[in-house]
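Please look through the sequence and the model shown here before reading on. The briefing is meant for a reader who has not met this structure before.

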Amino acid sequence: MQTLRQLADISEDRFKPQGSYGRTGASWTAYVHARTFASARSSDFQQAGSNEAELVGKILGLEEQVSSNRDVTASLTLVSVGRDRDENILTSKNVFMTVFRRFGIDPRFLQLVKTNRYGLHYDWENLRVSYYIGTALYILMWSFDRATRKTRAILLSRDFISAEELGSLRRLLQLEVDKLHSPFLLAWVSLVHISNWMDSSTYYLLTNIRQLEELTGYGPYGRKKSSNEIPIDRLTQASKEIGYVQVNLANQLRHVTIGTAISTHIATRAAKLTDYAVEAYTQKCQQELEEFSSTIPSLQRSLNDSSAYVYYLQERVRSQNTVVYALMTHEDARINISLAKASKELAEAAKKDSSSMKSIAIMTMLFLPGTYFAALWAVPSLKWGQPNVIQSDFWWYWAFTGPSTLLIFAIWFGIHRWGLPWPWKLKPGKNNSGYEVLDEASPPRPAPAVGFYGLPPLPAMQPPVIYSAAPTSAPPVMSLGDPDMPVYSAPPGPDGFAYQPQPYGGQTSAPAAFAAPLNANIMGYGPQPHI
């Protein structure tokens, strides 16, 4: 285990301190906020702020404040640091590692932070136990010293978690801040927060599925179809939306697993209290653990219900994927039919042109002999009314006719063999507006930048599902002339899929829809009176 702790590290390029992260027009500023509760019987709340450079000093001040109070039996200090979308920590490595080592968190967790690992992890080292919980919203890791009852935690929040979401997490801590004599407070708070977030985000995904059903006309919310044609761009957008929903539903199931691991861990700790408390505080630790454990059955039922509901939504979105695939195939067939009709019309027009050219050729053959002889009789070098018809200057006619004929055939042969080497028949280049430079000497045009945060890629198309029996929500079937090819009819739906999630408990929670809170915070909870 010591080898794993020594090898764990986070490289320097995974940190973005204020000096290197700031840019023109950015409002990012690192602040540290200290929050302290005087006692469980008082609602006194103090707050102070400092910049990133004073972070370590602020932590020392909080710990000295707690140590100087003899009534303190347990305390909690929590430092919140932001991360960007690439999981870069928005502070310097020196500051982060100083706080990390001072808090006594297991160094092996650095590898988990480096790889953005999800799930529950924990380990013991002497009198100290360390915990790590990774979710889509944040990484929460802390250490608990059973001798001093000090809980010291670091919260690494993602850039899309809102200030309201962080506020709901903080309020949960405030409501249960008197339960600091065991290491399970932060685990229980994280479990409740995951459960509430899943309820909100699952409902958000449900509204997206309903909008897809209204668009395609298939499913419980697809009964309002009034048209049979959907533009291809709307179907493309629907396909992207399906991919987004499928990924987030899979993420929901992953968080069900995380929540189940946390609840199981809390529920099975009663027999191992000596690992978490010294003898004088074993009873207090047991009392808090019993209060946490009493809520586990309800929270586990909520997780199980969320899991079943996610599986149900996955079936609904799979059916929409099949329908959208069928509609896109139908639209492609309709476009191909239109192209075939256009090709037929072009062929008919070409045939008419060919007939016209044939008529012109026939008329030319009809008049060519008469025209030739009329021109021949009109030549001044031929005197048809005299005994000597051919005059002495008739050779001029052949002197010009022969070379001209040869020159014309040579030009025709050259054009068909090598093409026209004229300036106006060049490759599209700088002299032709509207074209790119295609010659080898021209520099290649740079490829457009594609960011990680753009629209999600199109999902893999799947062939339509053929049911042996009609499903409960069967799509309407219409014939396109081929009795063996059923297709789904669908009207145009709403213009977009935007949805504002419903609040729960005064808070708003929705996945991947938050402005980045770029503040680094410290919150100190304590002291607690001796009980």
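The points below deal with the nonpolar core, a loop residue, the aromatic rings and a surface patch.

This is a predicted model, in which local features need pLDDT of at least 70 and side-chain atom pairs count only at pLDDT 80 or more, while totals for chains, interfaces and linings use all residues. Residues are numbered from 1 along each chain as its sequence is written, and side-chain values use heavy atoms, with hydrogens and water left out.

**Nonpolar core**

- The largest nonpolar core (a set of buried Ala, Val, Leu, Ile, Met, Phe, Trp, Tyr and Cys residues joined through side-chain atoms within 4.5 Å) has 48 residues, and those with the most contacts inside it are Tyr-138, Leu-140, Trp-142, Leu-186, Ile-262 and Ile-266.
- Among the elements that give two or more residues to this core are strand 6 (138-145), helix 7 (185-216) and helix 8 (232-267), where helices (H or I, at least four residues) and strands (E, at least two) are DSSP runs numbered from the N terminus.
- Helix 7 provides the largest share of this core, with ten residues.

**A loop residue**

- Ile-105 lies in the loop between helix 4 (93-103) and helix 5 (109-114), and it counts as buried because its relative accessibility is 3%; buried means under 20% relative accessible area, exposed over 50% and partly exposed in between, with a 1.4 Å probe and protein chains only.
- Although Ile-105 and Ile-154 are 49 residues apart along the chain, their C-alpha atoms are separated by 9.1 Å.

**Aromatic rings**

- Rings of Phe, Tyr and Trp (its six-membered ring) pair if their centres lie within 6.5 Å, and planes under 30 degrees apart count as stacked, over 60 as edge-to-face and the rest as tilted; by this rule there are 14 aromatic pairs.
- The pair of Phe-413 and Trp-418 is edge-to-face because the ring centres are 6.2 Å apart and the planes stand at 90 degrees.
- Phe-413 is partly exposed at 44% relative accessibility, whereas Trp-418 is exposed, with a relative accessible area of 67%.
- Ring pairs also link Tyr-122, Trp-124, Tyr-131, Trp-142, Phe-184 and Tyr-276 into a cluster, and Trp-142 is also one of the core residues with the most contacts.

**Surface patch**

- Tyr-372, Phe-373, Trp-377, Trp-384, Tyr-397 and Trp-398 form a nonpolar patch on the surface, for which residues need over 30% relative accessible area and no salt bridge (a side-chain nitrogen of Lys or Arg within 4 Å of a carboxyl oxygen of Asp or Glu), with nonpolar side chains (Val, Leu, Ile, Met, Phe, Trp, Tyr) joined within 5 Å and like charges within 9 Å.
- Together these residues have about 730 Å² of accessible area, computed by the Shrake-Rupley method with a 1.4 Å probe, and for residues only the protein chains shown count as cover.
- Helix 9 gives the most to the nonpolar patch, with three residues.
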